[in-house]
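Hi everyone, thanks for making time. I'd like to walk you through a structure that is probably new to most of you, so let's get it up on the screen.

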Amino acid sequence: MSGKTDEHAETEECEKEKESECEADWKIWTDALEEMSEIEDAFEVDSENKLHGKTILDVGTDCVKPLYLALKYEPVRVIGINEDFSIYPFEADLKQKSRLFVDTEIEFYDCSFLDDTKLERTVGEQSFDFVLVSKTLHHLRTGECVAEEHDPKHTCRRGDEKCCIYKFEEKEIFERLFRYGKRVIIYEAFYPHEEDNDKVRGRGGYFTREEWKQTFEHLAGKYKVGFVRPEPFLLDKETLDRIDSILRKVDYICFYAEKQL
Ligand SMILES: [Zn+2]
């Protein structure tokens, strides 16, 4: 009798687990699509379907956006790179099966955007029409540890880099992004006082207002920068002072940057 009850409890447990797994899978899809309307505006998809026949490099891909873009706009190729596909277990399936119903070539590679050798092997000399960086820019930290600015008591403990936050080097990173594409599209959540849960060693940690200001100072004038959200405007030396008040009000921003002709 008790065996049966145990069995029953086990089945219930198992079903609950399955349900929560299902919820987690579903959440990956809804999370991935929630910022699509902003990103579509940054692609300017409304003007003559700018994406048709184009190529996109999706840095830090969630695998869902490439499929969505392929179905809706028919770009010719979308390559997604990520350092860890373990939270996207449908990656291989999606790559394979999408061939049955989209003409777009969708490829995913386990590769860091910061790993030159691997990136060259994967992407080669290709230049893309668009480089999409959604919720990933704050992971592209390559400098020295700046965690002391957040916590004066911080010490860089060897082997426990989870505590560190590396400096974001805007000049190098944007140069690198423009090496791969003509228009760079950035979507970033902005919670400077919250902990970044997907921080990998010292890489990650939401941008501070100061880091954003520095980044936009660098971009304004050097590149054509179009804000999409929270409000559309072109960023230049004159409009640069709008950044501060924007960052006080919103928790996400979306913009594109292009090389000036
Ligand atoms: Zn440190």
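Before I point at anything, one term: when I say two strands pair, I mean that DSSP finds at least two bridges between them. Also keep in mind that this is a predicted model.

With that in hand, look at β1 and strand β4, residues 128-134: they run parallel and are joined by 4 bridges. One of the partnerships there is Val59 with Val133 in β4.

Now go to the other neighbour of β1. Strand β2, residues 77-82, also runs parallel to β1, and here 5 bridges join them. Ile56 has Val78 as its bridge partner in β2. And how do we get from β1 to β2? Together with helix α3, residues 64-73, the two strands make a right-handed β-α-β unit.

Okay, zooming out. What is the strand order in the whole sheet? It's an open sheet of 8 strands, and reading across you get β3-β2-β1-β4-β5-β8-β6-β7, with mixed pairing. At the edges sit β3, at 105-110, and β7, at 233-235, each of them pairing on one side only. On average, neighbouring strands are turned by 20° against each other, if you ignore direction.

For an antiparallel example, take β6, residues 223-229, and β8, residues 252-259, which pair over 6 bridges. Lys224 stands opposite Glu258 in β8.

Back to β1 for a moment. Is it buried or exposed? All of it is buried: 5 of the 5 residues in 55-59, so the strand is largely enclosed by the rest of the structure. In a regular strand, side chains alternate between the two faces of the sheet. In β1 both faces are covered, with Thr55, Leu57 and Val59 buried on one side, and Ile56 and Asp58 buried on the other.

That brings us to the core. Nonpolar side chains tend to be buried together in soluble globular proteins. Here the largest nonpolar core has 46 residues, and the ones touching the most other members are Val131, Val133, Ile185 and Phe255. Val133 you've already met as the partner of Val59. Leaving out residues up to four places away in sequence, Val133 touches Val59, Gly60, Leu177, Val184, Ile185 and Ile186.

Last stop, for contrast: Gln214, in helix α7, residues 209-219. Gln214 has 16 C-beta neighbours inside 10 Å, so it counts as partly exposed. Its C-alpha is 9.6 Å from that of Glu169, although the two are 45 residues apart in sequence.

That's my tour, thanks for listening!

Conventions
Residues are numbered from 1 along each chain as its sequence is written. This is a predicted model: local features need pLDDT of at least 70, side-chain atom pairs count only at pLDDT 80 or more; totals for chains, interfaces and linings use all residues. Axes are lines fitted to C-alpha atoms, for helices over the stretch in contact, and angles run from 0 to 180 degrees between N-to-C directions. A nonpolar core is a set of buried Ala, Val, Leu, Ile, Met, Phe, Trp, Tyr and Cys residues joined through C-beta atoms within 7 Å. A residue is buried if 20 or more other C-beta atoms lie within 10 Å of its own, exposed if 12 or fewer, and partly exposed in between; C-beta atoms are placed from the backbone. Two residues are in contact if their C-beta atoms, placed from the backbone, lie within 7 Å. A crossover is right-handed if, with the strands pointing away from the viewer, the path from the first strand over the helix to the second runs clockwise.
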